[in-house]
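Grab a pencil and have a go at these short exercises. Each one comes with a solution that you can check step by step.

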Amino acid sequence: YDDGYLFGERKFNPDGKKGDSTIVPMNWRKNWYSQANISYSIAQEFKLNLEGLYSREDFQDYSHEYRWNPDGNVNKFSTSYNSTATLTHMLSSSSFYTIKGSYFNKVFNEHLYEDPSDIRYLHPDSLTSNYPSYAFRTKGTNLHRFYRETNTYLGKIDFTSQVSQEHLVKFGAEVKSHRMRFDDYTLEPLRKGGIPVEPFEPSIPAESQSNREKYGNEPFETSLYLQDKIEFENVIINLGVRFDYFNSNGKVLFNDGVTNSFRDPNIYDPIRSELDSLSIADREPYFYKDADPKTQISPRFGIAYPISEAGVVHFSYGHFLQIPSFQYLFSKGPYKIPVSGLNVGVYGNPNLDPQRTVMYEIGLRQELSEDYVIDVTGFYRDVRSWITAGP
């Protein structure tokens with residue numbers, strides 16, 4: 001536990017009544033960590049390894065405006081765990097394979113009270129009164145709530161064999177399936193017949209409202225690889241190839257040149273009047289299309305050979321693929337642009353191309369004497385599809 005270094009003073013309670021003037025930490029943190037690992041030899045040629053990781057962090061980020069009303073600010077909660085099972089099977093003294101399966105889960109929450117209908121939440125008018133940016137809030141609660149959950153399932157198999165004195169062959173495959181859920185909103189007054197209920201009751205905005213971002217995605221990725229390490233008397237050669245496949249399983253705005261969804265992106269509030277009578281499901285073909293899957297075949301080559309009894313030259317060449325972070329793919333979900341035309345920031349793009357890199361490297365290692373060695377390496381790297389943002 002850490003109090004942090006930023007503090008507030010409870011001069012006021014969230015209801016506006018005078019507080020007890022207690023000094024309160026406002027960027028505190030509580031952390032829990034645990035790890036377990038067990039290995040078991042099922043038989044002489046089989047070994048099973050089980051591993052579990054757990055972490056939890058409860059914390060608060062400092063908010064200057066709540067310095068005199070520290071109990072009105074939100075708290076944050078992050079929990080994650082990862083469980084992994086690995087089975088190794090020795091087929092012979094020169095060959096073995098491993099099978100690995102894992103499950104990862106991470107949940108992040110941000111709220112003041114766990115229940116969104118908690119009666120301690122106060123009317124938003126108490127939050128948005130006219131006050132200078134340098135003043136402190138003397139009443140009110142932060143109504144913002146945020147939820148994000150990520151689940152990842154992984155399966156992997158690797159096979160290694162010293163097929164001959166010169167050749168060490170490896171090949172394998174990996175599959176990853178992700179499941180993500182996201183919900184970001186600010187509570188608002190409960191309304192009946194368009195009229196706010198008195199006394200104030202908090203309510204969750206509808207999913208169709210532009211001030212709520214809620215979505216779910218299930219991206220999928222897989223890869224295959226094959227490599228051969230060739231060792232002759234003085235030369236080592238590495239040959240390999242890798243295949244990557246990624247599908248964000250996301251939706252991007254549809255534009256056929258006639259039906260331009262870029263000018264009418266909000267599926268819940270279409271500008272095109274002929275779409276008003278359609279259900280949300282029936283509107284989707286007019287707004288979205290599936291993102292394209294991404295693939296790449298990546299060759300790899302490396303060689304090291306002596307040029308003298310004390311000198312070695314090495315050279316390598318390879319193609320590499322990097323999938324964009326999911327925040328760049330799915331930020332702000334289904335493009336709900338408000339009709340007001342307000343600046344809503346940057347939206348994610350599930351159809352982003354992966355970052356693709358081609359790299360060459362050449363180096364020299366030369367022993368000058370028993371005490372001195374010189375090692376010089378130069379490389380050339382060509383990177384394409386950098387992530388950027390634009391109109």
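**Exercise 1.** Which side chain does the side chain of Asp264 join in a polar contact of 2.7 Å? Then work out whether Asp264 is buried or exposed.

*Solution.* Keep in mind that this is a predicted model.

- Step 1: find the residue. Asp264 sits in the loop that runs between β16 (251-253) and α1 (280-287).
- Step 2: look for the partner. The side chain of Arg272 is the one, making a polar contact of 2.7 Å with the side chain of Asp264.
- Step 3: check the backbone too. The Asp264 side chain also reaches the backbone nitrogen of Ile271, at 2.8 Å.
- Step 4: list the neighbours. Skipping residues up to four places away in sequence, Asp264 touches Asp269, Pro270, Ile271, Arg272 and Phe287.
- Step 5: decide on burial. Asp264 has 3% relative accessibility, so it counts as buried; the cut-off is under 20%.

**Exercise 2.** Find the nonpolar patch on the surface: which residues form it? Is Leu226 buried or partly exposed?

*Solution.*

- Step 1: name the members. They are Phe171, Leu224, Leu226, Val241, Phe243 and Ile297, and together they have about 530 Å² of accessible area.
- Step 2: see where they come from. Two elements, β14 (220-231) and β15 (236-247), each give two or more residues to the patch.
- Step 3: zoom in on one member. Leu226 belongs to strand β14, and its 44% relative accessibility is why Leu226 counts as partly exposed.

**Exercise 3.** Now go inside: which residues make up the largest nonpolar core? And what does Tyr215 contact?

*Solution.*

- Step 1: collect the core. Its nine residues are Phe59, Phe108, Phe146, Met180, Phe182, Tyr215, Phe246, Leu329 and Phe330.
- Step 2: match them to elements. β8 (167-186) and α2 (326-330) are the ones that give two or more residues to this core.
- Step 3: follow Tyr215. Leaving out neighbours within four places in sequence, Tyr215 is in contact with Met180, Arg181, Phe182, Phe330, Ser331, Lys332, Gly333 and Pro334.

**Exercise 4.** Where is Lys17 found, and how many residues separate Lys17 from Thr138 in sequence?

*Solution.*

- Step 1: place Lys17. It is in the loop between β1 (7-9) and β2 (23-25).
- Step 2: check its surface. Lys17 is exposed because its relative accessible area is 57%, and the cut-off is over 50%.
- Step 3: compare sequence with space. Lys17 and Thr138 are 121 residues apart in sequence, yet 8.6 Å apart from C-alpha to C-alpha.
- Step 4: list the contacts. Setting aside neighbours within four places in sequence, Lys17 is in contact with Lys11 and Phe12.

**Exercise 5.** How many salt bridges are found in the whole structure? Look at a few of them.

*Solution.*

- Step 1: take the total. There are 20 salt bridges.
- Step 2: try Asp58 and Arg56. Their closest N and O atoms are 2.9 Å apart. Asp58 is buried at 7% relative accessible area, while Arg56 is partly exposed at 32%.
- Step 3: try Glu174 and Lys156. Here the closest N and O atoms of the salt bridge are 4.0 Å apart. Glu174 is in strand β8 and Lys156 in strand β7 (residues 144-162), so this pair ties together parts that are 18 residues apart in sequence.
- Step 4: try Asp382 and Arg384. Their side chains meet in a salt bridge at 2.8 Å, N to O.
- Step 5: spot a network. Arg29, Glu57, Asp61, Lys76 and Glu110 are joined into one network by salt bridges that share partners.

Definitions and conventions: Residues are numbered from 1 along each chain as its sequence is written. This is a predicted model: local features need pLDDT of at least 70, side-chain atom pairs count only at pLDDT 80 or more; totals for chains, interfaces and linings use all residues. Side-chain values use heavy atoms; hydrogens and water are left out. Helices (H or I, at least four residues) and strands (E, at least two) are DSSP runs, numbered from the N terminus. Buried means under 20% relative accessible area, exposed over 50%, partly exposed in between (1.4 Å probe, protein chains only). A polar contact is a pair of N or O atoms within 3.5 Å; within protein, one must be able to donate a hydrogen and the other to accept it, and residues adjacent in sequence count only if both atoms are side-chain atoms. Contact means heavy atoms within 4.5 Å. Patches are made of residues with over 30% relative accessible area and no salt bridge: like charges are joined within 9 Å, nonpolar side chains (Val, Leu, Ile, Met, Phe, Trp, Tyr) within 5 Å. Accessible areas come from the Shrake-Rupley method with a 1.4 Å probe; for residues, only the protein chains shown count as cover. A nonpolar core is a set of buried Ala, Val, Leu, Ile, Met, Phe, Trp, Tyr and Cys residues joined through side-chain atoms within 4.5 Å.
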